[in-house]
Amino acid sequence: MNECDVVGLGENSVDLVYRVPQLASAGQKVRAAGCRPLLGGQVATTLCTCAALGLRTRYVGTFGNDDHGRLIRSELEQRGVDTSHAHVRYAPNRHAVILVDDRTGERTIVWQRDRSLALGPGDLPREAMTGARVLHVDNVDEETAIAAARLGREAGMIVTTDIDQVTERTAELVAAATFPILAERVPQALTGESDARQALRALHRQHGGMLCVTMGSRGSLLLNGDRLHEAPAFEVAAIDTTGAGDVFRGALIYALLRGDAPDVMLRFANAAAALSCTRAGAIGGIPSLAEIEPLL
């Protein structure tokens with residue numbers, strides 16, 4: 001089997017994106033300017049970002065056997081992501097309806113995933129991880145992600161995460177990873193600390209590796225040992241923030257494998273995420289290395 005740099009285990013999605021003059025409140029009606037089918041999903045977008053930056057990537061997950069499933073699989077393959085270890089299920093592919101505020105680019109996401117698309121620990125193709133340097137997992141199929149993270153860690157891989165919700169097993173997944181990348185609310189919920197910096201330090205007492213927190217328009221934090229690195233977000237004219245966190249993770253993984261220092265890693269990933277907000281869609285918003293470097 002050909003070696004690869006990054007194996008991703010988790011979600012793909014076809015997003016039906018509606019642009020609205022403002023996000024509706026309860027009981028309010030708004031008229032959409034139009035609807036575009038755009039492609040994304042947490043892990044799928046991160047892998048496409050890694051591939052766009054020149055890394056060799058492999059996807060482990062499930063596709064539906066409908067047009068949406070065929071569409072997202074074809075897109076991943078065209079972008080250089082190996083999908084040969086993915087499963088196809090007799091079910092509609094995971095999809096989402098995304099409402100994007102025309103004024104700010106902020107969005108509301110409503111998603112649906114058929115139970116048949118769940119990936120169990122027994123569905124995990126261990127050979128897919130052979131020769132990879134990084135394993136990246138989300139927490140959609142949490143038990144499988146934990147099992148994969150433990151296998152990756154035992155094999156000496158760097159194990160990164162995309163965790164944006166807290167469950168009763170989140171702490172297990174964080175512990176199994178070597179480099180957790182977390183949404184801001186996660187360390188706060190796990191530690192009871194309201195301040196992101198204090199929450200990260202409290203979590204570090206339980207986890208000896210590097211820890212990263214994404215904070216949207218307020219940038220990102222990375223704790224490496226006792227040293228906390230902070231990087232502000234780049235100011236851009238955002239039209240769609242969908243997938244920005246996923247692009248951040250892909251760029252961070254690239255910078256990590258490139259051997260960048262923690263502060264450089266954060267700044268590079270922030271730049272990639274900012275640029276992704278200036279165009280529509282998650283996968284469609286991924287910038288190239290040639291676009292990121294001038295912003296830095």
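Helix α2, which spans residues 67-78, lies across the strands β2, β3 and β8 and runs at about 55 degrees to β3. The model described here is predicted, and the strands that α2 crosses belong to an open sheet of four strands in the order β3-β2-β8-β9. Beyond the sheet, the structure holds 21 salt bridges and two aromatic pairs, and a selection of these contacts is set out below by topic.

**The sheet beside helix α2**

- The four strands of the open sheet follow the order β3-β2-β8-β9, and their pairing is mixed.
- The edges of this sheet are formed by β3 (34-40) and β9 (107-112), each of which pairs on one side only, while the twist from one strand to the next averages 25 degrees.
- Strand β2, made of residues 13-20, and strand β8, made of residues 95-101, pair in the parallel sense over seven bridges.
- For V17, the bridge partner in β8 is I98.

**A buried salt bridge and its network**

- D141 and R113 form a salt bridge in which the closest N and O atoms are 2.8 Å apart.
- Because D141 lies in the loop between β10 (134-138) and α3 (142-154), and R113 in the loop between β9 and β10, this pair ties together parts that are 28 residues apart in sequence.
- Both partners of this salt bridge, D141 and R113, are buried.

**A salt bridge between two helices**

- The side chains of E172 and R150 also meet in a salt bridge, with a distance of 3.2 Å from N to O.
- E172 lies in helix α4 (residues 170-176) and R150 in helix α3, so this pair ties together parts of the chain that are 22 residues apart in sequence.
- E172 counts as partly exposed at 30% relative accessibility, and R150 counts as partly exposed at 41%.

**A salt bridge between two loops**

- R218 and E184 bring their side chains together in a salt bridge with an N to O distance of 2.4 Å.
- This pair links distant parts of the chain, 34 residues apart, with R218 in the loop between β13 (211-214) and β14 (220-224) and E184 in the loop between β12 (181-183) and α5 (185-191).
- R218 is partly exposed, with a relative accessible area of 48%, whereas E184 counts as buried at 18% relative accessibility, because the limit for a buried residue is under 20%.
- Apart from this pair, salt bridges that share partners join E11, R94, R113 and D141 into one network.

**Aromatic rings**

- Among the two aromatic pairs of the structure is that of Y59 and F63, whose ring centres are 5.5 Å apart and whose planes stand at 50 degrees, so the pair is classed as tilted.
- Y59 is buried, with a relative accessible area of 0%, and F63 likewise counts as buried, at 1% relative accessibility.
- A ring also takes part in a contact with a charged residue, in that R258 lies over the face of F268 at 4.8 Å from the ring centre.

Notes. Residues numbered from 1 in each chain as written. Predicted model: local features only at pLDDT ≥ 70, side-chain atom pairs only at ≥ 80, totals over all residues. Heavy atoms only, no water. Pairing = 2+ DSSP bridges. Axes fitted to C-alpha atoms, helices over the stretch in contact; angles between N-to-C directions. Contact = heavy atoms within 4.5 Å. Salt bridge = Lys/Arg side-chain N within 4 Å of Asp/Glu carboxyl O. Buried < 20%, exposed > 50% of the residue type's maximum accessible area, 1.4 Å probe, protein only. Phe/Tyr/Trp six-rings, centres within 6.5 Å; stacked < 30°, edge-to-face > 60°. Lys NZ or Arg CZ within 6 Å of the ring centre and 35° of its normal.
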